[in-house]
Amino acid sequence: MKIGFVMSGGGIRGIAHLGVAKALYEAGLTFTKISGTSAGAIVGSFLANGYQPDYILNMFKVTNLFKYIKPTIKGFGLLSLQNTEVLYHQFLPKTFEELKIPLVVATTDLGNARVTYFSSGELIKPIQASSCIPAVFKPIEIDGKLYVDGGLLDNFPVEVIMDDCDFIIGSCCNHLEKIDHVNGIKSVIERSVVISLNSRTESKKRFCNVIIEPKGLGATSLFHVKRTDEIFELGYKAAKEELKNNQDLKDAIKSFKELQLEK
C-alpha cells in the first residue's frame with residue numbers, strides 16, 4: 001500500500017505537520033510520496049530525507065532559521081532567503097533524486113503566472129522558492145525564471161501525487177475559528193490571507209482519504225516562533241484524535257501493517 005502525505009503552507013504553523021507526522025509514524029505508517037507548499041515543502045524535504053519529527057523540531061529551534069534571513073540590498077522584496085541555502089545544505093542533499101522518499105514541491109512561476117511543481121534536479125532552490133512570500137522575500141531565480149511562494153496558486157498540492165498513492169493523508173494548518181471582531185489592520189490582513197488560502201484548499205480536500213487539521217491554528221501569526229512547541233503539540237494531538245476515531249485511517253494502517261508483514 002502506497003501512502004501519500006500532503007502538507008499545506010502556513011508559515012510557523014507548518015510545525016504542526018511535524019506533530020502529525022510523529023503520530024502517524026508511531027502508528028506504524030511510513031510515506032511512499034510526500035508533497036508540500038511553503039512550510040509544507042520545508043517540512044516535507046526533511047521528512048523525505050529520513051529525519052524523525054522530533055529531531056526536525058529540535059533542529060529548527062536550535063538553528064533558528066530566521067537568523068539566515070537577511071535584508072535585501074536590491075530587488076523585489078524586503079528580505080532575502082539566499083543565506084538559508086547554507087542551513088539547508090547542512091541537512092539536505094543537493095538533488096531530489098538523493099532523498100530517501102520522493103518529494104514534490106509547489107512553486108509559483110512569477111513570469112508565466114502559473115504553478116510549477118519540482119520533483120527532480122536541484123533541491124534547495126525550489127524549497128526556497130516555495131516559501132518565498134511575495135513582496136516580503138526576494139523572488140528565487142531558477143534557470144532564468146523567477147519563482148515565489150507556491151501558496152499563491154496551490155497551497156495544497158495533492159493532485160500531483162494522486163496517481164502514485166493508494167491512500168493519501170492531508171495535513172492542513174490554517175483552520176480558522178469563527179470570530180465576532182478583529183483587532184486592528186494587522187489582524188484583518190492576516191485573517192484575509194488565510195481565508196483566501198483556505199478557499200483554494202477546501203475543494204482539494206476531497207482528494208484525500210484523511211484530513212488532519214488542528215482547530216483554530218489559522219489565527220496564529222506566520223512568524224510566531226514562540227509558539228513552536230505548542231503548534232507541534234496541536235498537530236500531534238489532532239493526528240492522535242484522528243487515529244482514534246477515523247475508521248478509514250484505522251483500516252489503512254491495518255492493511256499497511258499486514259502488507260509489511262507479508263514482505
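**Salt bridges, cores and turns in a predicted model**

Lys33 and Asp164 form a salt bridge in which the closest N and O atoms are 2.7 Å apart. Because Lys33 belongs to strand β2 and Asp164 to the loop between α6 (159–162) and β10 (167–171), this pair ties together parts that are 131 residues apart in sequence. The two partners sit in unlike surroundings: Lys33 is buried, with a relative accessible area of 16%, while Asp164, at 35% relative accessibility, counts as partly exposed. The model described here is a predicted one, and the contacts below should be read in that light.

A search of the whole structure finds nine salt bridges. Another of interest joins the side chains of Glu26 and Lys240, with an N to O distance of 3.9 Å. Since Glu26 lies in helix α1 and Lys240 in helix α8 (residues 228–245), the pair ties together parts that are 214 residues apart in sequence. Glu26 is partly exposed, its relative accessible area being 45%, and Lys240 also counts as partly exposed, at 38% relative accessibility.

Helix α8 takes part in a further link, this time through Asp229. Asp229 forms a salt bridge with Lys61, and the closest N and O atoms of the pair are 2.8 Å apart. Lys61 is in helix α3 (residues 53–63), so that distant parts of the chain, 168 residues apart, are linked by the pair. Asp229 has a relative accessible area of 42% and is therefore partly exposed; Lys61, at 43% relative accessibility, counts as partly exposed too. Beyond these pairs, salt bridges link Asp154, Glu159 and Lys204 in a network.

Attention can now turn to the interior. In soluble globular proteins, nonpolar side chains tend to be buried together. In this model, the largest nonpolar core has 63 residues, and Phe5, Phe46 and Leu47 are those with the most contacts inside it. Helix α1 (residues 15–26) supplies the largest share of this core, with eight residues. Leaving aside residues up to four places away in sequence, Phe5 touches a long list of partners, among them His17, Val20, Ala21 and Leu24. Also on that list are Phe31, Lys33, Ile34, Ser35 and Leu47, together with Ile161, Ile169 and Ser171. Lys33, the buried member of the salt bridge with Asp164, is thus also a contact of Phe5. Apart from the largest core lies another one, of nine residues, which include Val104, Val158, Ile161 and Cys172.

A buried polar residue is also worth a look. Ser38 is placed in the loop between β2 (33–37) and α2 (39–48), and it is buried, with a relative accessible area of 8%. Not counting residues up to four places away in sequence, Ser38 touches Gly9, Ser130, Ser131 and Asp149.

On the outside, Ile179, Val182, Ile185, Val188, Ile189 and Val193 make a nonpolar surface patch of about 500 Å². Val193 lies in helix α7 (residues 184–202) and, at 44% relative accessibility, counts as partly exposed.

Two turns between strands complete the picture. Strands β5 (residues 103–109) and β6 (residues 114–118) run antiparallel and are joined by five bridges, with Ala106 standing opposite Tyr117 in β6. Four residues lie between the strands of this hairpin. One notable residue there is Ala113, in the loop between β5 and β6: although Ala113 is not a glycine, its phi is positive, at about 55°. Ala113 counts as exposed, at 61% relative accessibility. A similar backbone feature appears at Asp143, which is not a glycine either yet has a positive phi of about 50°. Asp143 is found in the loop between β8 (140–142) and β9 (145–149), and it is exposed, with a relative accessible area of 79%.

Conventions. Residues are numbered from 1 along each chain as its sequence is written. This is a predicted model: local features need pLDDT of at least 70, side-chain atom pairs count only at pLDDT 80 or more; totals for chains, interfaces and linings use all residues. Side-chain values use heavy atoms; hydrogens and water are left out. Patches are made of residues with over 30% relative accessible area and no salt bridge: like charges are joined within 9 Å, nonpolar side chains (Val, Leu, Ile, Met, Phe, Trp, Tyr) within 5 Å. Accessible areas come from the Shrake-Rupley method with a 1.4 Å probe; for residues, only the protein chains shown count as cover. A salt bridge is a side-chain nitrogen of Lys or Arg within 4 Å of a carboxyl oxygen of Asp or Glu. Buried means under 20% relative accessible area, exposed over 50%, partly exposed in between (1.4 Å probe, protein chains only). Contact means heavy atoms within 4.5 Å. Two strands pair if DSSP finds at least two bridges between them. A nonpolar core is a set of buried Ala, Val, Leu, Ile, Met, Phe, Trp, Tyr and Cys residues joined through side-chain atoms within 4.5 Å.
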